Amino acid sequence: TDPFVLTEKDGSLYARGATDDKGPVTAWMWVIEAHQQLGRELPVNIRCLFEGMEEAGSKGLPELCKRLGKPGDFLDPKAIDFICISDNYWTGKEKPCLT
């Protein structure tokens, strides 16, 4: 499969970063989608920040977080219950790693 396209094959996901980037992010999106389909509100406030420059030093990320972390802005600490970094390897089909 094309390494830059997330592809499902026989119940498994294949792509560059499928276990430490695309897989965990996809899992978060599925959780949000499942809540929406069930008509349930999420039990916490969620803000998603996707960054794709990790292999190039995440240039600009610290400045972006500082700018968006001001009161009333997207990453205002008062509007966020938890922070979860999903850049980890999956340890199996049922146990994702969460930081």
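Among contacts in the protein chain between residues at least 6 apart in sequence, what percentage join residues at least 24 apart? The figure is 36%, where a contact means heavy atoms within 4.5 Å.

Before you start: this is a predicted model, where local features need pLDDT of at least 70, side-chain atom pairs count only at pLDDT 80 or more, and totals for chains, interfaces and linings use all residues. Residues are numbered from 1 along each chain as its sequence is written, and side-chain values use heavy atoms, with hydrogens and water left out.

**Stop 1: the whole chain.** Select the protein chain and show it as a cartoon. Two helices and two strands appear, in the order β-β-α-α along the sequence. Helices (H or I, at least four residues) and strands (E, at least two) are DSSP runs, numbered from the N terminus.

**Stop 2: the surface.** Switch on the surface. The accessible area is about 7900 Å² (Shrake-Rupley method, 1.4 Å probe). Carbon and sulfur atoms hold 57% of that area. Of the 99 residues, 16% are buried, meaning under 20% relative accessible area.

**Stop 3: the largest pocket.** Select L49, F50, C84, I85 and S86. The largest pocket has about 1200 Å³ of space, and of its 35 lining residues these five are the closest to its centre. A pocket is an open set of points on a 1 Å grid where a 1.4 Å probe fits, with protein on both sides within 12 Å along at least five of seven lines; lining residues have an atom within 4 Å of a point.

**Stop 4: the lining.** Now select helix 1 (18-37) and helix 2 (61-68), the elements that each give two or more residues to this lining. Helix 1 supplies the largest share, nine residues. Colour by class: the lining has 20 nonpolar, six polar and nine charged residues.

Notes:
Buried < 20%, exposed > 50% of the residue type's maximum accessible area, 1.4 Å probe, protein only. Points joined across faces, edges and corners; volume = space filled by probe spheres on them. Nonpolar A, V, L, I, M, F, W, Y, C, P; charged D, E, K, R; others polar.
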